[in-house]
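Here are my notes for you on this one. Keep the structure open while you read, and look up each residue as it comes along.

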Amino acid sequence: MHETHKPFTVHGVTLHSRFFLGSAGYPSPQVLREALQASGAQVVTVGLRRSHASGGDNGFVASVLQAVRERGGQLLPNTAGCRSATEAVALAHMARELYGTHWIKLEVVGDEHTLQPCPWGTLEAATQLVKDGFAVFPYCTDDLVSAQRLVDAGCQVLMPWGAPIGSGQGLLNPWALRTLRARLPDITLVVDAGLGLPSHAAQAMELGFDAVLLNSAVSQAREPVRMARAFAHAVQAGRLGFEAGAMAPQPMAVASTPVTGRPLLIG
């Protein structure tokens, strides 16, 4: 039997999968359902603004909800596309009314070119939403001070980016992510955005992150279902590697089978 990583708890919900998956941009609802199945993901994000803007729902959100319920999973609505704290807070309240969940992935865009989250707007919205009883999952950069302010505001989960969203570049600043993990040991950390390859997800998990969230790397793959399965294996491998404890790097070669004395020739 293959070993699996240990379950973990997020806002009172026990999760067995550390792979969170987005639901946008799939070729069809059927491919999305198959990708969710292959991924093993229990947490699935859906963007209210984008789904309703693209032709007024068209059954998209309903299909996502059905797929999540079939898996016994947790829907994580997000405020993608919001440009201000006020806008994000209003959308979060709408999501709670529509879907009956107090979980919200908070996104407040600060720059139109990089889609970098605005630290001030994110903090303002997070502060209000925590007061309003939401379980806030803020999408943020890897800046430690900004992360600490979000924790001070009551956020128990942070979702720092690995790279600009949708870029597929992987972890551009592993040092910053490693620092977040070391300085915020009691906070659930989920690398969100910028991952393009299963190896990127494995690297994030090897750093000790609790989970990864991605969308485009699967939905835009040539074969989304196979890619979802590949990421699922990578997430599991990376977490098991972290839990096992990696060897310390060495400055030079160290023989794996030490030999003492001189070699003997046996004739």
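1. Start with F137: buried or exposed? It has 0% relative accessibility, so F137 counts as buried. Bear in mind as you look that this is a predicted model. W103 is buried too, with a relative accessible area of 2%.

2. F19 and F231 are also worth finding, and both of them are buried. Now go back to W103 and F137: their ring centres are 4.9 Å apart and their planes meet at 45°, so this pair is tilted. W103 belongs to strand β6 (residues 103–106) and F137 to strand β7 (residues 135–140), so the pair ties together parts that are 34 residues apart in sequence.

3. How many aromatic pairs does the count come to? The count is two. F19 and F231 make a tilted pair, with 6.1 Å centre to centre and 35° between the planes. This pair links distant parts of the chain: F19 is in strand β3 (residues 19–22), F231 is in helix α10, and 212 residues separate them.

4. Two arginines have their charged ends over rings. The charged end of R18 sits over the ring of F8, 4.1 Å from the ring's centre. For R96, the ring is that of F134, and the distance to its centre is 4.0 Å.

5. Next, the nonpolar residues. In soluble globular proteins, nonpolar side chains tend to be buried together. Here the largest nonpolar core has 63 residues, and F19, L158, V212, L214 and V218 are the members that touch the most others. Helix α4 (residues 85–99) gives this core its largest share, seven residues. Another core, of 14 residues, lies apart from it and includes L76, W103, A211 and L213.

6. Try clicking on L158. If you set aside neighbours within four places in sequence, L158 still contacts a list of residues, among them P138, C140, A147, L150 and V151. That list also includes L184, I187, T188, L189 and V190.

7. Now have a look at helix α10. Why does its length agree with what you'd expect for a helix? At 1.5 Å a residue, its 21 residues should span 30 Å, and the end C-alpha atoms are 30 Å apart, which agrees. The buried residues of α10 include P224, V225, A228, F231 and A232, and they pack against β3, α1 (29–39), α8, β10 and α9 (216–219). After α10 comes G245, which has a positive phi, near 85°.

8. Helix α8 (residues 198–206) is a good one to look at next. Its buried residues are P198, H200, A201, A202, A204 and M205. Their cover includes β9 (188–192), β10 (211–214) and α10 (224–244). Just after α8, G208 takes a positive phi of about 100°.

9. On to the charges. Searching the whole structure turns up eight salt bridges. One of them joins K105 and E107, with 3.0 Å between the closest N and O atoms. Are these partners buried or exposed? K105 has 4% relative accessibility, so K105 counts as buried. E107 has 6%, so E107 counts as buried too.

10. Compare that with R149 and D152, whose salt bridge has its closest N and O atoms 3.0 Å apart. Both residues lie in helix α6 (residues 144–152), three residues apart, or about one turn of the helix. R149 counts as partly exposed because its relative accessibility is 38%, while D152 counts as exposed because its value is 57%.

11. Helix α10 has a salt bridge as well, between the side chains of R239 and E243 (3.1 Å, N to O). Because they are four residues apart in α10, about one helical turn separates them. R239, at 10% relative accessibility, counts as buried, whereas E243 is partly exposed, with a relative accessible area of 31%.

12. Last one to find: which residues are linked with D210 in a network of salt bridges? They are R18 and R181. You've met R18 already, with its charged end over the ring of F8.

Methods: Residues numbered from 1 in each chain as written. Predicted model: local features only at pLDDT ≥ 70, side-chain atom pairs only at ≥ 80, totals over all residues. Heavy atoms only, no water. Buried < 20%, exposed > 50% of the residue type's maximum accessible area, 1.4 Å probe, protein only. Helix = DSSP H or I, 4+ residues; strand = E, 2+ residues; numbered from the N terminus. Contact = heavy atoms within 4.5 Å. Salt bridge = Lys/Arg side-chain N within 4 Å of Asp/Glu carboxyl O. Phe/Tyr/Trp six-rings, centres within 6.5 Å; stacked < 30°, edge-to-face > 60°. Lys NZ or Arg CZ within 6 Å of the ring centre and 35° of its normal. Core = buried A, V, L, I, M, F, W, Y, C linked by side-chain atoms within 4.5 Å. Expected span 1.5 Å × (residues − 1).
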